[in-house]
Amino acid sequence: MSHTNGRKIVGVAMAAIAGTIGIGVIYLPFIADRDKLRGLFEEEEMPQEARKEIEIIMKAEQAAQQAQRGSVGNSGHGDGTSGRKAGSMWQNIKRSSP
């Protein structure tokens, strides 16, 4: 093996390393779809039954959130001030201590 052959091997190895880094830095994050690479991609068209099921679940969640908002608003405990005038934290401590 001569000196020239060693330079060629090093040159090919450096090119392979640079190519691998280039693919890892440019291609994978920006061009390749990560979900497709992992096999987690979804079908482009969702079946109608699944779409209706999701809509029913979303409507039920929205109704539950509205019911919670209504119960908090009607109870009167939503503000947390308990009838006192807001002031300094230290004044409240002085008033409550005997």
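## Close-up views of a four-helix chain

**View 1. The fold at a glance.** The chain folds into 4 helices and 0 strands. Read from the N terminus on, its elements run α-α-α-α. Please keep in mind that this is a predicted model.

**View 2. How confident the predictor is, element by element.** Over the chain, pLDDT averages 76, and 62% of the residues score at least 70. Which elements mark the two ends of the range in mean pLDDT? Helix α1 has the highest value, 87, while helix α2 (residues 34-38) has the lowest, 64. A friendly reminder for anyone zooming in: where pLDDT is low, the predicted coordinates should not be read in detail.

**View 3. The nonpolar patch.** Here a nonpolar patch of about 1100 Å² lies on the surface. Its members are Val10, Met14, Ile17, Ile21, Ile23, Val25, Ile26, Tyr27, Leu28, Phe30 and Ile31. One of them, Ile21, sits in helix α1, which spans residues 3-31.

**View 4. Surface and burial.** How much of the chain counts as buried? Of its 98 residues, the share is 1%. The chain exposes about 9400 Å², and 59% of that area is supplied by carbon and sulfur atoms.

Conventions
Residues are numbered from 1 along each chain as its sequence is written. This is a predicted model: local features need pLDDT of at least 70, side-chain atom pairs count only at pLDDT 80 or more; totals for chains, interfaces and linings use all residues. Side-chain values use heavy atoms; hydrogens and water are left out. Patches are made of residues with over 30% relative accessible area and no salt bridge: like charges are joined within 9 Å, nonpolar side chains (Val, Leu, Ile, Met, Phe, Trp, Tyr) within 5 Å. Accessible areas come from the Shrake-Rupley method with a 1.4 Å probe; for residues, only the protein chains shown count as cover. A salt bridge is a side-chain nitrogen of Lys or Arg within 4 Å of a carboxyl oxygen of Asp or Glu. Buried means under 20% relative accessible area, exposed over 50%, partly exposed in between (1.4 Å probe, protein chains only). pLDDT is the predictor's confidence in each residue, from 0 to 100.
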